[in-house]
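Reader: Please show the structure, and then explain the terms by which it is described.

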Amino acid sequence: MPKVYKYHVSPEQSLINKDFGRIDYCDSYQIVKSTDETIDNLTTEIFRIPKWVDFLMRIRGSLVRLFGLKTGKKKDITESIYYPIGTKAGYFTVIDRNENEIVMAENDKHLNFRTAVMKKKSEQDCSIYLTTIVRFNNIWGKIYFLPVKPFHQIIIKSLLKRL
């Protein structure tokens, strides 16, 4: 099982920060492995959500629906061999991409967030990053993210370890 490294900044040359503005939260998790997978295939593998994560997402969806926030539904999950801008990758909409990174986003009244899958090839291995940035739009974004953050961190590490 690959070791997961955590950073509090996005990888150098990442597309994720482009036109985002103020960042209130950032984490980036990295694994190193030998792979020739495309960024699209890596994104599909990462966002093939295990049942326990899907269960947590359903609970989250039930709770936030009471406050009029967006909820991702199982039927919304999309897999593809290529994710063009404007389509869904997993639960999220692709807003930018190149051959080594896919940036996805969702905005709501309480917060805006982006997540990106990025690969950096070296001579022998490949570093794969899963990065998240968040901007709180109001106090409700901060309150919402407080209980979500520990689960987010556990889930992200788990998704990368499965690669």
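**Terms and their grounds**

Author: Buried residues, those under 20% relative accessible area (exposed is over 50%, partly exposed in between; 1.4 Å probe, protein chains only), make up 47% of the 163 residues in the protein chain. This is a predicted model, in which local features need pLDDT of at least 70, side-chain atom pairs count only at pLDDT 80 or more, and totals for chains, interfaces and linings use all residues. Residues are numbered from 1 along each chain as its sequence is written, and side-chain values use heavy atoms, with hydrogens and water left out.

Reader: What makes up the order of elements in the protein chain from the N terminus on?

Author: The order is β-β-α-α-β-β-β-β-β-α, with 3 helices and 7 strands in the chain. Helices (H or I, at least four residues) and strands (E, at least two) are DSSP runs, numbered from the N terminus.

Reader: Why is strand β7 described as largely enclosed by the rest of the structure?

Author: Strand β7 covers residues 126–136, and 11 of the 11 are buried, so the strand is largely enclosed by the rest of the structure. Cys126, Ile128, Leu130, Thr132, Val134 and Phe136 point one way, while Ser127, Tyr129, Thr131, Ile133 and Arg135 point the other way; all are buried.

Reader: Which bridges join β2 to β7, and what is the pairing of β6 with β7?

Author: Two strands pair if DSSP finds at least two bridges between them. Strands β2 and β7 run antiparallel and are joined by 9 bridges, with Tyr29 opposite Leu130 in β7. Strand β6 (residues 111–121) pairs with β7 over 11 bridges, also in the antiparallel sense; there Ala116 has Thr131 as its bridge partner. A hairpin through 4 residues joins β6 to β7.

Reader: Why does Val32 count as partly exposed?

Author: Val32, in strand β2 (residues 25–33), has 35% relative accessibility and therefore counts as partly exposed. Together with Tyr5, Tyr7 and Val9, Val32 makes a nonpolar surface patch of about 340 Å².

Reader: Why is Trp52 called partly exposed, and with which residues is Trp52 in contact, leaving aside its neighbours within four places in sequence?

Author: Trp52, in helix α2 (residues 51–65), is called partly exposed because its relative accessible area is 39%. Contact means heavy atoms within 4.5 Å; apart from neighbours within four places in sequence, Trp52 is in contact with Ile154, Ile155 and Ser158. The C-alpha atoms of Trp52 and Ile155 are separated by 9.6 Å, although the two residues lie 103 residues apart along the chain.

Definitions and conventions: Patches are made of residues with over 30% relative accessible area and no salt bridge: like charges are joined within 9 Å, nonpolar side chains (Val, Leu, Ile, Met, Phe, Trp, Tyr) within 5 Å. Accessible areas come from the Shrake-Rupley method with a 1.4 Å probe; for residues, only the protein chains shown count as cover. A salt bridge is a side-chain nitrogen of Lys or Arg within 4 Å of a carboxyl oxygen of Asp or Glu.
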